[in-house]
Amino acid sequence: MTLWWQKGIVYQVYPRSYADSNGDGIGDLPGIHAKLDYLQWLGIDAIWVSPVFPSPMADHGYDVANYVDIHPLFGTLADMDALIEAAHQRGIKIILDFVPNHTSNQHPWFLESRSSRTNPKRDWYLWADPKPDGSPPNNWLSVFGGPGWTWDPETQQYYCHAFLKEQPDLNWRNREVRAAMYGALQFWLDRGVDGFRVDVLWHLIKDGTYRDNPQNPDYVSGQTPYNSLLPVYSTDQPEVHEIVREMRALLDRYSERVLIGEVYLPIHRLVSYYGAAQDGAHLPFNFQLVTLPWSATQIAAAVSEYEGALPLNAWPNWVLGNHDQPRIASRVGLAQARVAALLLMTLRGTPTHYYGDEIGMRDGVITPEEAEDPQGKNVGLSRDPQRTPMQWSAGRGAGFTTGKPWLPVSMEHARCNVAVEQQDPDSMLGLYRRLIDLRRAEPALNAGSYTPVATQGEVLSYIREQDGRRFLIVLNLGHSSHLFSQRDAVGTVVVATDRAREGEPINQRVPLMGDDGLVVLLNGS
Ligand code: GLC
């Protein structure tokens, strides 16, 4: 039997940017609520809601000051309850973002912890003495630039932070920390949420003796400074798996809840997050489609490597984009973004889709005065462009807000928006709608086996099959035409990047234009 989170599609909402119900320029929970009909029409199964908890917003909510409440910008607990209920009525699940590696420096726990060395919460965070010369305890770096330690003059120690100094790292070796954090998970589970996406799961535990990270021999200057060291002592420590097991055990006390982990690691390390006995995360995010060059040979090899590395009974998953990564339509171009849609929706495993990709949103253009993202301000790589407001209509504010949007609405919203694309079957949204429809209806696509097909050039091909029903997927990741030949390729095109090809009979020789992608139902199915 396949569970909802195996055959279903996860849709990520970045709440600040989805729909603003009160005109303050920032999206909110009632805004998401009002779009449930759209999401049901689109055919997704679960919404992952990025953080909506009280927060000073140093990292737009990934700095949580209270794990068991809602930030007034986004609404109230009652709004969250109403969203969960209304989503469930439509058969849509709600997945919350859980940020366990660090809290806000304004969280009462940290305020207590930093108040004195003898405070009972001192050990809830990672405090350490300076080196004799007064410098930080070791060479660890912050992902967001600068040292991974900040000096506290009051208590004369450094505290550790993998991200901003406003995001102090919790000490997950401390049992009280674990109990408090599991209490937060339980709070939301009891309110009916269907699972969690766990932020930077592989960062949770650090080397107990704070050893220096080694230099990265492959570092090329110009890359983000964080990459100058290999974070072998500050991330992916063996003890992290005990914590993942504890989180999973908690979820398993409820029925069919899902544990998704954000883990940016190579495949052989990533798959360890499923747990040695399948008792870890259900879905450690697989970011290969985000991190690899857009090349058929590279992607074909990566899919096979991943399929081969998956532990027995582990369920695969795929991601094309999220709030931290440039949008797919900007990365590979609009024509290839259609091919990418076919790929995401036909690979074996749970797809996670980023809001706006279904209409082909591209990275927005943000002036320095409009910049919001702390990563962008500190180390360049701004994430603002992929966080611009959802484009609902051609009007002012793109139907996102009646006020001044917190990030500018893309100039492209006049032609790239839900209202326009819903009327146009040739649009990106039309394509996504047909693909999702097909995927939902066909066990071969949402649960079936995956078999790679040998190809040449920039063509990627595979077969999905279940109960004798077989689909051949042929994707041209290049811009030039290509003749794809396959003895078994006899059938009918059911979904295509170019809608004119839908219904076309296929007989062994399949001419592909550049940027063409086809889903073919094979004869005899
Ligand atoms: C994760 C989030 C990112 C955030 C960081 C720190 O990578 O996805 O948005 O800035 O963690 O919490």
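The legends below accompany close-up views of a predicted model.

**View 1. The domains of the chain.** The domain assignment divides the chain into domain 1 (4-101 + 174-436), domain 2 (108-160) and domain 3 (449-522), and the reader may notice that domain 1 is written as two stretches of the chain. Between the C-alpha centres of domain 2 and domain 3 there is a distance of 56 Å.

**View 2. The open sheet of eight strands.** Strands of a sheet pair through backbone hydrogen bonds, and this pairing can be either parallel or antiparallel. In this model the eight strands of an open sheet follow the order S9-S8-S7-S3-S2-S1-S11-S10, and the pairing is parallel. Strand S9 (283-284) and strand S10 (317-319) each have a single partner strand because they stand at the edges of the sheet, and so one side of each is left without a neighbour there.

**View 3. Strands S3 and S7 side by side.** Within the sheet, strand S3 (residues 93-98) pairs with strand S7 (residues 195-198) in the parallel sense, and four bridges make up this pairing. To follow one bridge, start at Ile 95 and look across to S7, where its bridge partner is Gly 195.

**View 4. The largest cavity and its lining.** Rolling a probe the size of a water molecule over the atoms shows where empty space is left. The count comes to one cavity of 30 Å³ or more, and the largest cavity holds about 70 Å³ of space. Its lining is formed by Trp 140, Leu 141, Gly 148, Cys 160, His 161, Ala 162, Asp 169, His 203, Lys 206, Tyr 226, Ser 234 and Thr 235. Sorted by class, the lining of the largest cavity has five nonpolar, five polar and two charged residues. At least three of the lining residues come from each of domain 1 (4-101 + 174-436) and domain 2 (108-160).

**View 5. An aromatic pair and its cluster.** A pair of aromatic rings is described by the distance of the centres and the angle of the planes. Of the 29 aromatic pairs counted in the model, this view shows Tyr 354 and Tyr 355, whose rings are 4.7 Å apart from centre to centre, with 65° between the planes, and which are therefore edge-to-face, as angles over 60 degrees count as such. Tyr 354 counts as buried because its relative accessibility is 2%, which is under 20%, and Tyr 355 also counts as buried, at 0% relative accessibility. Both tyrosines belong to one aromatic cluster, which includes Tyr 11, Tyr 18, Tyr 38, Trp 41 and Trp 392 as well.

Note on methods. Residues are numbered from 1 along each chain as its sequence is written. This is a predicted model: local features need pLDDT of at least 70, side-chain atom pairs count only at pLDDT 80 or more; totals for chains, interfaces and linings use all residues. Side-chain values use heavy atoms; hydrogens and water are left out. Two strands pair if DSSP finds at least two bridges between them. Helices (H or I, at least four residues) and strands (E, at least two) are DSSP runs, numbered from the N terminus. On a 1 Å grid over the protein atoms alone, a cavity is a set of points where a 1.4 Å probe fits but cannot get out, and a pocket is an open set with protein on both sides within 12 Å along at least five of seven lines; lining residues have an atom within 4 Å of a point. Grid points are joined across faces, edges and corners, and a volume is the space filled by probe spheres set on the points. Ala, Val, Leu, Ile, Met, Phe, Trp, Tyr, Cys and Pro count as nonpolar, Asp, Glu, Lys and Arg as charged, and the others, Gly among them, as polar. Domain bounds come from an automatic or database domain assignment. Rings of Phe, Tyr and Trp (its six-membered ring) pair if their centres lie within 6.5 Å; planes under 30 degrees apart count as stacked, over 60 as edge-to-face and the rest as tilted. Buried means under 20% relative accessible area, exposed over 50%, partly exposed in between (1.4 Å probe, protein chains only).
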